[in-house]
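Got your viewer open? Let's take a short walk through this one, selecting a piece at a time.

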Amino acid sequence: MSSLRIATYNIHKGVQGLGLRQRLEIHNLGIAVEQFDADIVCLQEVRKLHRRHAKRFANWPTVGQADFLAPPGYQAVYQSNAVTRHGEHGNALLSRWPVVEHRHEDMSDHRFEQRGLLHAEVIVDQQVLHVVVVHLGLLRASRLRQMEQLGAYIQREIFPRHPVVVAGDFNEGAGLTQAVFPALGLLPARNGPPHPPVTPTFPSRLPLLQLDHVYARGLQATAVQVPRGRIWWRMSDHLPLIVDLAFDGGRKS
């Protein structure tokens, strides 16, 4: 294996549409995730359970969405961020490589938005790789404080020499990270010139903004892609971001 493929995707809880026009997309999302052929898939807005939807949709999965979406042979890790009247949802990680440890930290900035990070230690061909999945808040002031918390968490919990991937829905462009990530050695995973153009992921029907990002330390991006088209905007309001990475120094992962 000469590269490591990371995908990040906000799946909008596996349901699209409003009111009576709501439709279940989790089965199509399962096909999509398998087609990524990613080594690690970072997911946001993942349902563990939802009692009302389970009654409404006859083919609602009998297991949590993380386990349902995991391709054969993958390990699924889920951590709840928000508990609601009918269920709960949070972040998830699906890994082709062994996950030896995972943990969660609450990042809620106010009582109206429950947020958190999921941190997993993954062994990639005898190499420790730290993967942090995030979904930041809707208010910019909250996102700034959450970025400070994220930076402090990485400094506290991850050895400086260890490679790191931070992926997820930041709800803002890359400028949000400039005050925190460069000091930690985390750079945006982009392939091309020193300042390549952004890759829009939102809204999925007519993408104008890149709200979904992958940042890496100790790895370099070799390819970046965002699938587009009707089949994709029907599944979620975000498009998936898929990044191929190689360990620094040409190391084979």
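Keep in mind as you click around that this is a predicted model. Start with the hairpin that takes you from β5 to β6 through 3 residues. Select residues 75-83 for β5 and 87-95 for β6: the two strands run antiparallel, with 8 bridges between them. For one rung of that ladder, pick Ser-80 and look across to Gly-90, its bridge partner in β6.

Now widen the selection to the whole sheet. The sheet is open, has 6 strands and mixed pairing, and reads β5-β6-β4-β1-β14-β13 in order. Which strands stand at the edges? They are β5 and β13 (219-225); each has a single partner strand, so one side of each has no neighbour in the sheet. Look along the sheet for its twist: on average, neighbouring strands are turned by 30° against each other, direction ignored.

Next, hop over to the β13 end. β13 pairs with β14 (residues 241-247) in the antiparallel sense, over 6 bridges. Here, click Gln-225 and find Ile-242, its bridge partner in β14.

Then add helix α1, residues 26-36, which packs on the sheet. Show its contacts and you'll find β1 (4-10), β4 (40-50), β6 and β14. The helix direction makes about 155° with that of β1.

Last stop: Pro-182, in the loop between β10 (164-169) and β11 (187-188). Is Pro-182 buried, partly exposed or exposed? Its relative accessibility is 43%, so Pro-182 counts as partly exposed. To tie this back to where you began, draw a distance from Pro-182 to Ala-76: their C-alpha atoms are separated by 30 Å, and the two are 106 residues apart along the chain.

How values were computed. Residues numbered from 1 in each chain as written. Predicted model: local features only at pLDDT ≥ 70, side-chain atom pairs only at ≥ 80, totals over all residues. Heavy atoms only, no water. Helix = DSSP H or I, 4+ residues; strand = E, 2+ residues; numbered from the N terminus. Buried < 20%, exposed > 50% of the residue type's maximum accessible area, 1.4 Å probe, protein only. Pairing = 2+ DSSP bridges. Axes fitted to C-alpha atoms, helices over the stretch in contact; angles between N-to-C directions. Contact = heavy atoms within 4.5 Å.
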